[in-house]
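Colleague: I am new to this structure and would like a close look at a single part. Could you take me through the pocket and then the surface beside your account of it?

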Amino acid sequence: MQVIIQFLMMDGLDFKTLLISLFAGGWGPGSYFIPVIIQATLILPLIYMVLKKNLTAGVIALFFISILVDAICMMMDVPGSVYRIIVVRYIFALVLGVWLALNTKNINYKWLIPLAILSAVYIAGVYYQGWEFFIERYWQSQHVPSYFWTLLLVIIGLRAYQFKAANPLSRLLVKMGQASYHIFLVQMFYFWVIADSISDFPLMIYSVISLAVCIVFGILFFNAENGLRNRIKLQRQ
């Protein structure tokens, strides 16, 4: 969809550039995420197999491997345009996601909370104090040391809210979770083409409109695709 709109409404790029854009994530904020998701899908089974054998040792080993791979990218002077669309900086985030899935009932907060605090200090230092070690050339603090803080926030979110089928908020959150990829695609398109037209609005109004548009049309997109898929299945039967 991005490629078609870029061709018809924007620059009318040549076919070669349009083809390359498919593998480079297209245009707009967050467009890098599609190639990153594809790579993450390929490496997740490998991470799962490693952690399944030995959870603690696997996390420790993959922590250092993730830093090493990131550092190698820096030493090889991988261009920012390439680093943007490779999964390297998110490998350890995937590791912690698999760890949480395998370890939901045995979380050791005595280790997690200090590590999360260190992550928060790292994030603040990189963003606000200009810290730069050897892996922060691109994407600031979106690297291995920051993800323990993210993990703690995810766990707090899972523990803090009890989902109930009869609760409208619970049903909305579940639907948003199911449609999260479609919401992301709408969000990418929205901030690429539409958001600038209301950028002069007060920040609160701008935020509410942007959030509502992305969520509502993302869910509609999800429902429309599922409806089409179901119709195709029925026709094949």
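Modeller: In this predicted model, the largest pocket has a volume of about 440 Å³. Its lining is made up of 17 residues, and those closest to the centre of the pocket are Thr-56, Val-59, Trp-99, Trp-111 and Leu-115. Four helices, namely H4 (55-75), H6 (91-102), H7 (109-128) and H8 (147-160), each supply at least two residues of this lining, and the largest share, six residues, comes from H4. Sorted by class, the lining of the largest pocket holds 13 nonpolar and four polar residues, while charged residues are absent from it.

Turning from the pocket to the surface, one finds a nonpolar patch formed by Tyr-109, Ile-113, Ile-117, Val-121, Trp-131, Phe-133 and Phe-134, which together have about 680 Å² of accessible area. One member of this patch, Val-121, has its place in helix H7, a helix that also supplies at least two residues of the pocket lining. Val-121 has a relative accessible area of 43%, and because this value lies between the limits of 20% and 50%, Val-121 is described as partly exposed.

A further residue can be set beside Val-121 for its accessibility. Ser-81, which sits in helix H5 (residues 80-83), has a relative accessibility of 54% and therefore counts as exposed, the cut-off for that word being over 50%. Ser-81 and Tyr-32 lie 49 residues apart in sequence, and their C-alpha atoms are 9.6 Å apart in space.

Methods
Residues are numbered from 1 along each chain as its sequence is written. This is a predicted model: local features need pLDDT of at least 70, side-chain atom pairs count only at pLDDT 80 or more; totals for chains, interfaces and linings use all residues. Side-chain values use heavy atoms; hydrogens and water are left out. On a 1 Å grid over the protein atoms alone, a cavity is a set of points where a 1.4 Å probe fits but cannot get out, and a pocket is an open set with protein on both sides within 12 Å along at least five of seven lines; lining residues have an atom within 4 Å of a point. Grid points are joined across faces, edges and corners, and a volume is the space filled by probe spheres set on the points. Ala, Val, Leu, Ile, Met, Phe, Trp, Tyr, Cys and Pro count as nonpolar, Asp, Glu, Lys and Arg as charged, and the others, Gly among them, as polar. Patches are made of residues with over 30% relative accessible area and no salt bridge: like charges are joined within 9 Å, nonpolar side chains (Val, Leu, Ile, Met, Phe, Trp, Tyr) within 5 Å. Accessible areas come from the Shrake-Rupley method with a 1.4 Å probe; for residues, only the protein chains shown count as cover. A salt bridge is a side-chain nitrogen of Lys or Arg within 4 Å of a carboxyl oxygen of Asp or Glu. Buried means under 20% relative accessible area, exposed over 50%, partly exposed in between (1.4 Å probe, protein chains only).
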